[in-house]
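The following paragraphs guide the reader through a single protein chain. Please keep the sequence and the structure in view while reading.

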Amino acid sequence: MQNRIFHITAVLFVLVTFIGLISGSGLAFAAGQDKAAINKVRLDFNAAFNEGNAEAMGLLIDREGVWMPPGEPAIVGKDNVVARYTDYFTKVRSKFELKPGEIMLCGDRAFMSGAFKRADTPKTGGAVKEVTGHYLFVLKKQPDGIWKIARDIWNEPVKP
């Protein structure tokens, strides 16, 4: 009888351990998929910015998104953010890159931070303005599983 209990306990232990390993690797796989999808948002943001395409940028933004540009009031709502970029792109042609950075997952939210660089050329002519800084995206997983930017904050350090 003791031998049988020992065998049942051993089998249960192996099953529980196996299930734990499977579910743990499933979580790691899902996290890897989320991180890849979030990085794609970054790449798509770069492409839309470089194309001067505010509408394409709008597809990447949560409808309640908030942009926090340096030295300016917050821009609240996707439509207002898109309007800002529409206006910006009528005046400036940019070469832009959000560089890859750390991605942290927290449920249906994610945080991505890194450095950026931008070279703005006024469409009316003039000198190119080079800007570098750091960004922080807060992304929100939508009900359909798509990640969108819920918050964007960045700095543009003043050079002496």
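In this predicted model, a salt bridge connects Asp-34 with Lys-141, and the closest N and O atoms of the two side chains are 3.1 Å apart. The partners belong to distant parts of the chain, since Asp-34 is in helix 1 and Lys-141 is in strand 6, 107 residues apart. Asp-34 counts as buried because its relative accessibility is 16%, and the limit for that class is under 20%. Lys-141, by contrast, has a relative accessible area of 29% and is therefore partly exposed. Side chains of opposite charge can pair when their charged atoms come close.

The pair just described can be placed within the chain as a whole. The chain contains three helices and seven strands. Read from the N terminus, its elements follow the order α-α-β-β-α-β-β-β-β-β. The chain has 160 residues, and buried residues make up 30% of them.

The count of salt bridges comes to eight. One of these lies within helix 1, where the side chains of Asp-44 and Lys-40 meet with an N to O distance of 2.8 Å. These two residues are four residues apart in helix 1, so about one helical turn separates them. Both partners are partly exposed: Asp-44 has a relative accessible area of 29%, and Lys-40 has one of 48%.

A further salt bridge joins the side chains of Asp-120 and Arg-118, at 2.9 Å from N to O. Through salt bridges that share partners, Arg-118, Asp-120 and Glu-156 form one network. Are Asp-120 and Arg-118 buried or exposed? Asp-120 counts as buried, with a relative accessibility of 7%. Arg-118 is likewise buried, and its relative accessible area is 11%.

Asp-120 also takes part in a contact with Ser-94, a residue of strand 3. The side chains of Ser-94 and Asp-120 are joined by a polar contact of 2.4 Å. Another polar contact, of 3.4 Å, links the side chain of Ser-94 to that of Tyr-88. Ser-94 has a relative accessibility of 8% and therefore counts as buried.

The account now turns to strand pairing, with strand 5 as the guide. Strand 5 covers residues 109-122. Strand 3 pairs with strand 5 in the antiparallel sense, over seven bridges. Within the two strands, Lys-95 is found opposite Ala-119 of strand 5. Strand 4, comprising residues 102-106, is also antiparallel to strand 5, and five bridges join the two. Here Leu-105 has Ala-110 of strand 5 as its bridge partner. Two residues lie between the strands in the hairpin of strand 4 and strand 5, where Gly-107 adopts a positive phi near 65°.

Strand 5 and strand 6 run antiparallel as well, joined by twelve bridges. Arg-118, already met as a salt-bridge partner of Asp-120, stands opposite Val-131 of strand 6. The hairpin of strand 5 and strand 6 has six residues between the strands, and in this hairpin Gly-125 takes a positive phi near 105°.

Several of the residues and elements introduced above return in the description of the largest pocket. This pocket has a volume of about 340 Å³. It is lined by 22 residues, of which Arg-84, Tyr-88, Arg-118, Trp-154 and Glu-156 are the closest to its centre. Arg-118 and Glu-156 are thus found in this group, and both also belong to the salt-bridge network with Asp-120. Tyr-88, another member of the group, is the residue whose side chain makes the 3.4 Å polar contact with Ser-94.

Which elements supply at least two residues each of the lining of the largest pocket? They are helix 1 (2-51), helix 3 (78-91), strand 3 (92-98), strand 5 (109-122), strand 6 (129-141) and strand 7 (147-155). Strand 5 provides the largest share of the lining, namely five residues. Sorted by class, the lining consists of 14 nonpolar residues, one polar residue and seven charged residues.

Methods: Residues numbered from 1 in each chain as written. Predicted model: local features only at pLDDT ≥ 70, side-chain atom pairs only at ≥ 80, totals over all residues. Heavy atoms only, no water. 1 Å grid on protein atoms, 1.4 Å probe; cavity = no way out; pocket = protein on both sides within 12 Å on 5 of 7 lines; lining within 4 Å. Points joined across faces, edges and corners; volume = space filled by probe spheres on them. Nonpolar A, V, L, I, M, F, W, Y, C, P; charged D, E, K, R; others polar. Salt bridge = Lys/Arg side-chain N within 4 Å of Asp/Glu carboxyl O. Buried < 20%, exposed > 50% of the residue type's maximum accessible area, 1.4 Å probe, protein only. Pairing = 2+ DSSP bridges. Polar contact = N/O pair within 3.5 Å; in protein donor to acceptor, adjacent residues only side chain to side chain.
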